[in-house]
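Q: I should like to learn how the features of a structural model are read. May we begin with the charges and proceed to single residues?

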Amino acid sequence: MSYDFNPDEIELPNYHFIGGRKVVGGSTEIAFHRPSDGRQVATFLAADAAMVDRAAAAAQQAFTGSGWAEAAPAERAAVLKAWADLIDRERVRLARLEAAT
């Protein structure tokens, strides 16, 4: 496995994630510059007030309706272990994304 990569080849997501769905759109363009060289590498759309309200409502629903607080410790541990395994499996991709941004 090679750890060499070209940061210009990293595809940056250009959407919001609200209520378990990718949501494209927004109101104002925001230029994103790579900290390592100051070069603009992407343009993102900032969420407008309606999108923020939808995201807050979805977060509240997830918080109150997920059952996480009532889940047994072993069940929560299994979910966290699966999350850790996913991060470990995608570590090279995540490291490249982090290095590029």
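A: In counting charges, Lys and Arg are taken as positive and Asp and Glu as negative, while His and the chain ends are left out. Please note that the model before us is predicted.

Q: How many positive and negative side chains does the protein chain have, and how far apart are the centres of the two sets?
A: The protein chain carries 11 positive and 14 negative side chains. The centres of these two sets are 4 Å apart.

Q: In which order do the helices and strands run from the N terminus?
A: The order is β-β-β-β-α-α-α, that is, four strands and three helices. The chain is more spread out than a compact globule, because its radius of gyration is 18 Å, well over the 13 Å that the globule rule gives for 101 residues. Along the principal axes, the C-alpha atoms fill a box of roughly 45 × 40 × 20 Å.

Q: What percentage of the residues is buried, and what supplies the exposed area?
A: A residue is called buried when its relative accessible area is under 20%. Buried residues account for 11% of the 101 residues. The chain exposes about 7,900 Å², of which carbon and sulfur atoms supply 57%.

Q: How are contacts distributed along the sequence?
A: Contact means heavy atoms within 4.5 Å. Of the contacts between residues at least 6 apart in sequence, 50% join residues at least 24 apart.

Q: Is Arg34 buried or exposed?
A: Arg34 counts as buried, because its relative accessibility is 4%, under the 20% cut-off. Arg34 sits in the loop between β3 (28–33) and β4 (40–46). Its side chain makes a polar contact of 3.0 Å with the side chain of Asp37. Setting aside residues up to four places away in sequence, Arg34 touches Pro7, Asp8, Arg39, Val41 and Ala100.

Q: Is Gly20 buried or exposed?
A: Exposed means a relative accessible area over 50%. Gly20 has 57% and is therefore exposed. Gly20 belongs to the loop between β1 (16–18) and β2 (21–23). Its C-alpha atom is separated by 15 Å from that of Thr64, a residue 44 positions away along the chain.

Q: Where does His16 lie, and which residues is His16 in contact with?
A: His16 is part of strand β1. A polar atom of its side chain lies 3.2 Å from the backbone oxygen of Gly25. Apart from neighbours within four places in sequence, His16 is in contact with Arg21, Lys22, Val23, Gly25, Leu45, Ala46, Ala47 and Met51.

Terms used:
Residues are numbered from 1 along each chain as its sequence is written. This is a predicted model: local features need pLDDT of at least 70, side-chain atom pairs count only at pLDDT 80 or more; totals for chains, interfaces and linings use all residues. Side-chain values use heavy atoms; hydrogens and water are left out. Helices (H or I, at least four residues) and strands (E, at least two) are DSSP runs, numbered from the N terminus. The radius of gyration is taken over C-alpha atoms; the globule rule is 2.2 Å times the number of residues to the power 0.38. Buried means under 20% relative accessible area, exposed over 50%, partly exposed in between (1.4 Å probe, protein chains only). Accessible areas come from the Shrake-Rupley method with a 1.4 Å probe; for residues, only the protein chains shown count as cover. The place of a charge is taken as NZ of Lys, CZ of Arg, CG of Asp or CD of Glu. A polar contact is a pair of N or O atoms within 3.5 Å; within protein, one must be able to donate a hydrogen and the other to accept it, and residues adjacent in sequence count only if both atoms are side-chain atoms.
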